[in-house]
Amino acid sequence: MKITDAVFESSVSLDSRKIFLDTRKEVVFIGRSNVGKSSLMNALMHKKDLVKTSSTPGKTRTANMFLVNKKYHYTDLPWYGFAKLGQELREKLDGLISWYLEEKQHTIVQIVLVLDAKIGAQQSDRDMYDYIQSLGLPVTLVLSKIDRLKKNDIIKTKTHCEEMFFGARVIPISAHKDIWVKDLQKILWEVLKS
Ligand SMILES: Nc1nc2c(ncn2[C@@H]2O[C@H](COP(=O)(O)OP(=O)(O)OP(=O)(O)O)[C@@H](O)[C@H]2O)c(=O)[nH]1
Ligand SMILES: [Mg+2]
């Protein structure tokens, strides 16, 4: 199946906390700042700039929901723990993430945890992974921007991540060069269909 229709639906911040009444199945994209979450979503939805991307880290500060094929939600969450943003904003964004995941744990069918392949997994990625596990939500790890790495280094980073995340599924991807984006979409369809 292919994504043939994708539109922006709404943004949610902690201040505009709302009660979600709809029960559409949802895929949530999460990861440290600047790892390429928004770019990956554009690649999956075959859009150039539906999701706002930026080379300045920490731009996404709300949960942004997109309606895919008039049926599913793909949601871009802001990142946790970007030191330069200052503690107050960081705590606010962390609060938004935990509120969103807990509020929507019954409609979220998959979390895509994005890691920059060149930086690799950090302690904060492990903390987020553990938190997602504690909520009982399924998670797939994505290594992004692999166009910047040599083949051997991609394999090394992938193996390291599989070890660090206890055998979790790890998918290397390049949103810019469209490498293995289709493979991730296939996995997401399987989950959305079931
Ligand atoms: N080389 C390369 N660069 C990429 C790729 N994907 C994203 N980038 C670049 O990485 C930077 C951040 O991309 P975004 O998609 O905005 O990242 P994000 O995780 O949404 O960032 P925040 O919203 O700030 O947390 C931008 O300069 C992108 O052009 C990729 O596949 N390859
Ligand atoms: Mg973003």
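**Questions on a predicted model**

Modeller: In this predicted model, phenylalanine 166, just after helix 4, has a positive phi of about 50°.

Biologist: How far apart should the end C-alpha atoms of helix 4 be, and what distance does the model give?

Modeller: Helix 4 covers residues 151–164, which makes 14 residues. The expected span is 1.5 Å times one less than the number of residues. That rule leads to 20 Å for helix 4, and the distance in the model agrees with it, at 20 Å.

Biologist: Is strand 4 largely enclosed or exposed?

Modeller: A residue counts as buried if 20 or more other C-beta atoms lie within 10 Å of its own. Strand 4 spans residues 72–76, and four of its five residues are buried. Strand 4 is therefore largely enclosed by the rest of the structure.

Biologist: Which strands pair with strand 4, and in what sense?

Modeller: Strand 3 (residues 63–68) is joined to strand 4 by five bridges in the antiparallel sense, with phenylalanine 66 opposite tyrosine 74. Phenylalanine 29 faces aspartate 76 of strand 4. Four bridges also link strand 4 to strand 2 (residues 26–31). The partners are thus strand 3, antiparallel, and strand 2, parallel.

Biologist: Which residue in the hairpin of strand 3 and strand 4 takes a positive phi?

Modeller: Three residues lie between the two strands of this hairpin. The positive phi, near 50°, belongs to asparagine 69.

Biologist: Is lysine 71 buried or exposed?

Modeller: Lysine 71 lies in the loop between strand 3 and strand 4. Its C-alpha is 9.4 Å from that of glutamate 26, although 45 residues separate the two in sequence. A residue with 12 or fewer C-beta neighbours within 10 Å counts as exposed. Lysine 71 has 10 such neighbours, so the residue is exposed.

Biologist: Which strand gives the largest share of the largest nonpolar core?

Modeller: The core holds 47 residues, of which Leu40, Leu113 and Leu115 touch the most other members. The largest share, six residues, comes from strand 5 (residues 108–116).

Biologist: With which residues is leucine 113 in contact, leaving aside neighbours within four places in sequence?

Modeller: Leucine 113 is among the core residues that touch the most other members. Its contacts beyond four places in sequence are Ile30, Gly31, Asp125, Met128, Tyr129, Val139 and Leu141.

Biologist: Which residues come nearest to ligand 1?

Modeller: The shell around ligand 1 has four nonpolar, 14 polar and five charged residues. Helix 1 (residues 37–44) supplies the largest share, three residues. Of the 23 residues around ligand 1, the nearest are Gly36, Ser38, Ser39, Thr53 and Thr60.

Definitions and conventions: Residues are numbered from 1 along each chain as its sequence is written. Chains are lettered from A and ligands numbered from 1 in the order in which they are written. This is a predicted model: local features need pLDDT of at least 70, side-chain atom pairs count only at pLDDT 80 or more; totals for chains, interfaces and linings use all residues. A residue is near a molecule or strand if its C-beta atom, placed from the backbone, lies within 6 Å of it. Ala, Val, Leu, Ile, Met, Phe, Trp, Tyr, Cys and Pro count as nonpolar, Asp, Glu, Lys and Arg as charged, and the others, Gly among them, as polar. A nonpolar core is a set of buried Ala, Val, Leu, Ile, Met, Phe, Trp, Tyr and Cys residues joined through C-beta atoms within 7 Å. Two residues are in contact if their C-beta atoms, placed from the backbone, lie within 7 Å. Two strands pair if DSSP finds at least two bridges between them.
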